[in-house]
Amino acid sequence: MLSTKKIKASPQSPTQLVSSSSADMIASNDDILTLILHRLPLKSLLKFKTVSKHWLCLITHPTFRPHHNSRAISGLFVCRLSDITNPKYDFLNLTPHSSRAPFKSLTFIDDPSGIKILQSCNGLLLCCSFRSNRLDTTYYTYNPTTKHYTVLPPPRHSSSGYYSFGVSLAFDPSKSPHYKVICIRNYDPELLDHYQVEIYSSKTGPWRPSGRPFVAPSNVQFENGFFWNGAIHWVSDWGDSLCFDVEEEQMRDIPMPSGDGDVRLYRYFGESGDHLHLVEVYGSDNLQFDVYEMERDRSGWFVKYQVDLNPVAAAFPEMVRGYADPIDLHSYAFSILCVVHEETDEGSFMVLHLPNKAIRYNFKDNSFRKLHDFAPLRSGVGVGGDSSLEFEYFDAYQFIESFACV
């Protein structure tokens, strides 16, 4: 006959009892638990969603807002030149700690044409079919943090033979959990400078026309729009540029900084940290330039930073391109991928693309360091015909960690 022994449970110490009691109290109090969850990083919150149905409900509730900088840029996706079905993306990590790339190509849905990024906006990506004409393009919104996506219905004009000049995303999580997509299409195939705005809302659904047709110069870059201060902004090669107020649904002119000559030679245009920046560089041998920032009321621009890249060219001589000229002149190979506005000016910086690499240039002290090495170009043709430069500002897309629903 087998003998059995009774094992006495060891009594808990008073400290253990207090700790257990405190944990039970927090777990049963939604207000305290929510305050704690608010202060956790997004990566931890993604893991804690699987703890229980109760925690999942708290974290995914529409009123839940993590306590972190919702505009902090964690990295940049840059699209490699490619003729394959799905574009490949390099990831430039901009945080002090190591981080894996959220993706190398977009495969969240099986699109036979492949998928490319059109725009990034406060944590969401606007994407579309890679190899398709303007009449049958499929558009998507995608959150690379949560991996959730939405297939947008085709714009109203798609079946009518009209086509899009540009599609832009408008999303401000500090004001609303919903986003809008703005499409600029041709109004009449016979009138090349007449356009119509169409709007898709994640809250109300279908595409709809907005306002009356409008006239705009053909040099407005509708394919490269940026959302800032409640409006989509587009630059033009000369004259005033345009913005579309998303709430009031009004198209307005915006002034531009004065430049040398009639044609504007801008090297960068984009938004960061709720600030809109522009860089104009006149002359390929010019390594000194200003970074402009737009006034909040859109009345004009002011010089935010002054840049001198001569020390960068001295440290990276591969930037220098010689002219076939008896006078020893040089041009310099670089492009600006992103101006990153941090919470303090001391931390703000610029991401530059040099031949086969990216560097980080700090505005405050003019210091710089290498961020990333790019694989050599296969095509042999890059930015402006320079075989060593592959990207410009419209090839770089911000990665901002977000819980936003799509």
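1. Let me start with Glu-249, which is partly exposed at a relative accessible area of 22%. Since exposed means over 50% and buried means under 20%, that value falls in between. Glu-249 sits in the loop that runs between strand E13 (241-245) and strand E14 (250-254). Its phi is positive, about 55 degrees, although the residue is not a glycine. Please keep in mind that this is a predicted model.

2. Asn-229 deserves a look as well. Phi for this residue is near 55 degrees, again a positive value in a residue other than glycine. Asn-229 is found in the loop between E11 and strand E12 (231-234), and with a relative accessible area of 22% this residue is partly exposed.

3. Now for the chain as a whole. The secondary structure consists of 5 helices and 25 strands. Of the 406 residues, 47% are buried. Among contacts with a separation of 6 or more, 46% join residues 24 or more positions apart. The exposed surface of the chain is about 21100 Å², and 52% of it is supplied by carbon and sulfur atoms.

4. How many aromatic pairs does a search of the whole structure find? The answer is 25. One of them joins Phe-91 and Phe-399: the ring centres are 5.9 Å apart and the planes meet at 70 degrees, so this pair counts as edge-to-face. The cut-off behind that label is an angle over 60 degrees. This pair links distant parts of the chain, with Phe-91 in strand E2 (residues 89-93) and Phe-399 in strand E25 (residues 396-399), 308 residues apart. Both Phe-91 and Phe-399 are buried.

5. A tilted aromatic pair is formed by Phe-226 and Tyr-393, with 6.4 Å from centre to centre and 35 degrees between the planes. Here too distant parts of the chain are linked: Phe-226 belongs to strand E11 (residues 226-228), while Tyr-393 lies in the loop between strand E24 (368-373) and E25, 167 residues apart. Tyr-393 has 4% relative accessibility and therefore counts as buried.

6. Ring pairs also build a cluster, so you may like to display its members together: Phe-77, Tyr-89, Phe-91, Phe-103, Phe-108, Tyr-140, Tyr-142, Tyr-149 and Phe-399. Phe-91 and Phe-399, the edge-to-face pair described above, are among them.

7. Phe-349 is in strand E22 (residues 349-354). Is Phe-349 buried or exposed? Its relative accessible area is 2%, so Phe-349 is buried. The charged end of Arg-360 sits over the ring of Phe-349, at 3.6 Å from its centre. Beyond the neighbours within four places in sequence, the contacts of Phe-349 are with Leu-94, Cys-338, Val-339, Val-340, Glu-342, Arg-360, Tyr-361, Asn-362 and Phe-363. As for backbone spacing, a C-alpha distance of 9.1 Å separates Phe-349 from Asn-366, 17 residues apart along the chain.

8. Another arginine lies over a ring: Arg-267 is over the face of Phe-334, 4.4 Å from the ring centre. Phe-334 in turn belongs to the largest nonpolar core, which has 52 residues. The members that touch the most other members are Phe-289, Leu-309, Phe-334, Ile-336, Val-351 and Leu-352. A second, separate core has 32 residues, including Cys-128, Leu-169, Cys-183 and Ala-216. In soluble globular proteins, nonpolar side chains tend to be buried together.

9. Ile-336 ties several of these points together. Once neighbours within four places in sequence are left aside, Ile-336 is in contact with Arg-267, Tyr-268, Val-279, Phe-289, Met-350, Val-351, Leu-352, Glu-392 and Tyr-393. That list includes Arg-267, the residue over the face of Phe-334, and Tyr-393, the partner of Phe-226 in the tilted pair.

10. Last, a polar side chain in a buried position. Gln-196 is located in strand E9 (residues 191-201), and its relative accessible area of 4% means that it is buried. What does the side chain of Gln-196 reach at 3.2 Å? That is the backbone oxygen of Gly-211. In addition, a polar atom of the Gln-196 side chain lies 3.1 Å from the backbone oxygen of Ser-210. Apart from neighbours within four places in sequence, Gln-196 is in contact with Cys-183, Ile-184, Arg-185, Tyr-187, Pro-209, Ser-210, Gly-211, Arg-212, Pro-213 and Phe-214. Cys-183 in this list is also one of the residues of the second core.

Terms used: Residues numbered from 1 in each chain as written. Predicted model: local features only at pLDDT ≥ 70, side-chain atom pairs only at ≥ 80, totals over all residues. Heavy atoms only, no water. Helix = DSSP H or I, 4+ residues; strand = E, 2+ residues; numbered from the N terminus. Buried < 20%, exposed > 50% of the residue type's maximum accessible area, 1.4 Å probe, protein only. Contact = heavy atoms within 4.5 Å. Areas by Shrake-Rupley, 256 points an atom, 1.4 Å probe, with all protein chains shown as cover. Phe/Tyr/Trp six-rings, centres within 6.5 Å; stacked < 30°, edge-to-face > 60°. Lys NZ or Arg CZ within 6 Å of the ring centre and 35° of its normal. Core = buried A, V, L, I, M, F, W, Y, C linked by side-chain atoms within 4.5 Å. Polar contact = N/O pair within 3.5 Å; in protein donor to acceptor, adjacent residues only side chain to side chain.
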